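User: Hello! I am new to this structure and would like to learn how to read its features. Could you walk me through it?

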Amino acid sequence: MAKTRQPTEVRRAQIKEAVQQIIFEKGFKGLSIHNLSKELNLSEGAIYRHFESKEQIILDIVKDVRDQMIYKLEEIANSSLPAGKRLEDFMCYHLQYLIKNKGITILLFTEATYQQNNKLKNKLREIFQAIKDAFKKIIKDGVDNGEWSSSLAVESMAILYMSIPLTLNIEINLGLDHNIQDNFCDQMYQLIVNTIKNSE
């Protein structure tokens, strides 16, 4: 029986999802068009109809991160809500996105560094900086409107925050306690809030 041909966008999404699953389970060494075709039960030719290469799939995933995660984080950072509420919403959206997508951004950072893929590194650097800048805006707004102390070191808080996704990625990839993942946002939010209070 002939397989039903899926619409282009549906098939591209399926391919990218399968790529993320292979990376999560086997690492980048296990990612090839051949292995991808087996995972999807598709011919290699069918995959090449949608993507020219493995690198193009990875870059398209990075674009999805930019379009989905970064857009939402910037929207939260620029909203009119109190800084404390924005901080909570920002952290929970960011960390839940990483959990849902199995820490894909951290895995991609690792791959870009290991492979010395400058094109991928530049794209990921933009994402890293966008997250950091959005977080800093929330902290700076909280300082400027008197919600937090003017002695708070904005850059230091941003550096502290950017280390949190690395810890989460370890939790995800080592398959540690899922209860920790479920409560991770609340725990990390309290950590950041307590650090802010202790800086006052």
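User: Let me start with one residue. Where is the place of Arg125?

Analyst: Happy to help! Please keep in mind that this is a predicted model. Arg125 sits in helix H7, which runs over residues 118–144.

User: Is Arg125 buried, exposed or partly exposed?

Analyst: For this we look at the relative accessible area, where buried means under 20% and exposed means over 50%. Arg125 has a value of 47%, so the residue counts as partly exposed. As for its place in space, the C-alpha atom of Arg125 lies 26 Å from that of Ala83, and 42 residues separate the two along the chain.

User: Now let me step back. How many helices and strands does the protein chain have?

Analyst: The count is ten helices and zero strands. Reading from the N terminus, you therefore meet α-α-α-α-α-α-α-α-α-α, where each α stands for a helix. The C-alpha trace spans about 65 × 35 × 30 Å along its principal axes.

User: What share of the residues counts as buried?

Analyst: Of the 200 residues in the protein chain, 42% are buried. The chain exposes about 11,100 Å², and carbon and sulfur atoms supply 50% of that area.

User: And how many positive and negative side chains are there?

Analyst: There are 26 positive and 26 negative side chains, and the centres of these two sets lie 7 Å apart.

User: How do I read contacts along the chain? What percentage of those with a separation of 6 or more comes from residues 24 or more positions apart?

Analyst: Contacts can be sorted by how far apart the partners sit in sequence. In this chain, 68% of the contacts with a separation of 6 or more join residues that are 24 or more positions apart.

User: Next, the interior. Which residues touch the most other members of the largest nonpolar core?

Analyst: That core has 58 residues, and Leu87, Phe90 and Tyr161 touch the most other members. Several helices supply at least two residues each, including H1, H2, H5 and H10. Helix H4 gives the most, with eleven residues. To see one of the core residues in its setting, take Tyr161: beyond its neighbours within four places in sequence, it contacts Phe90, Met91, His94, Leu95, Ile131, Phe135 and Ile192.

User: You mentioned H4. Which residue there makes a good example, and is it buried or exposed?

Analyst: Try Ile61, whose place is in helix H4. Ile61 has a relative accessibility of 3%, so it counts as buried. Apart from neighbours within four places in sequence, Ile61 touches Lys16, Val19, Gln20, Ile104 and Leu108. Its C-alpha is 14 Å from that of Lys119, a residue 58 positions away in sequence.

User: Lys16 is on that list. Is Lys16 buried or exposed?

Analyst: Lys16, in helix H1, is buried, with a relative accessible area of 11%. Leaving out neighbours within four places in sequence, the contacts of Lys16 are Phe51, Ile57, Asp60, Ile61 and Asp64.

User: What about a loop residue? Where does His50 lie?

Analyst: His50 lies in the loop between helix H3 and H4. The relative accessible area of His50 is 17%, so this loop residue is buried. Setting aside neighbours within four places in sequence, His50 contacts Thr8, Arg11, Arg12, Ile15 and Gln56.

User: Which cysteines form a disulfide?

Analyst: The general idea is that a disulfide is a covalent bond between the sulfur atoms of two cysteines. The structure holds one disulfide. Cys92 and Cys185 form it, with their sulfur atoms 1.7 Å apart. Because Cys92 lies in helix H5 and Cys185 in helix H10, the pair ties together parts 93 residues apart in sequence. The torsion about the S-S bond is about -75°, so this disulfide is left-handed. Cys92 is partly exposed at 22% relative accessibility, whereas Cys185 is buried at 5%.

User: One last feature: the phi angle. What is phi of Asn41 near?

Analyst: Most residues other than glycine have a negative phi. Phi of Asn41 is near 60°, a positive value in a residue that is not glycine. Asn41 belongs to the loop between H2 and H3, and its relative accessible area is 54%, so Asn41 is exposed.

Terms used:
Residues are numbered from 1 along each chain as its sequence is written. This is a predicted model: local features need pLDDT of at least 70, side-chain atom pairs count only at pLDDT 80 or more; totals for chains, interfaces and linings use all residues. Side-chain values use heavy atoms; hydrogens and water are left out. Helices (H or I, at least four residues) and strands (E, at least two) are DSSP runs, numbered from the N terminus. Buried means under 20% relative accessible area, exposed over 50%, partly exposed in between (1.4 Å probe, protein chains only). Contact means heavy atoms within 4.5 Å. Accessible areas come from the Shrake-Rupley method with a 1.4 Å probe; for residues, only the protein chains shown count as cover. Lys and Arg count as positive and Asp and Glu as negative; His and the chain ends are not counted. The place of a charge is taken as NZ of Lys, CZ of Arg, CG of Asp or CD of Glu. A nonpolar core is a set of buried Ala, Val, Leu, Ile, Met, Phe, Trp, Tyr and Cys residues joined through side-chain atoms within 4.5 Å. A disulfide is a pair of cysteine sulfur atoms within 2.5 Å.
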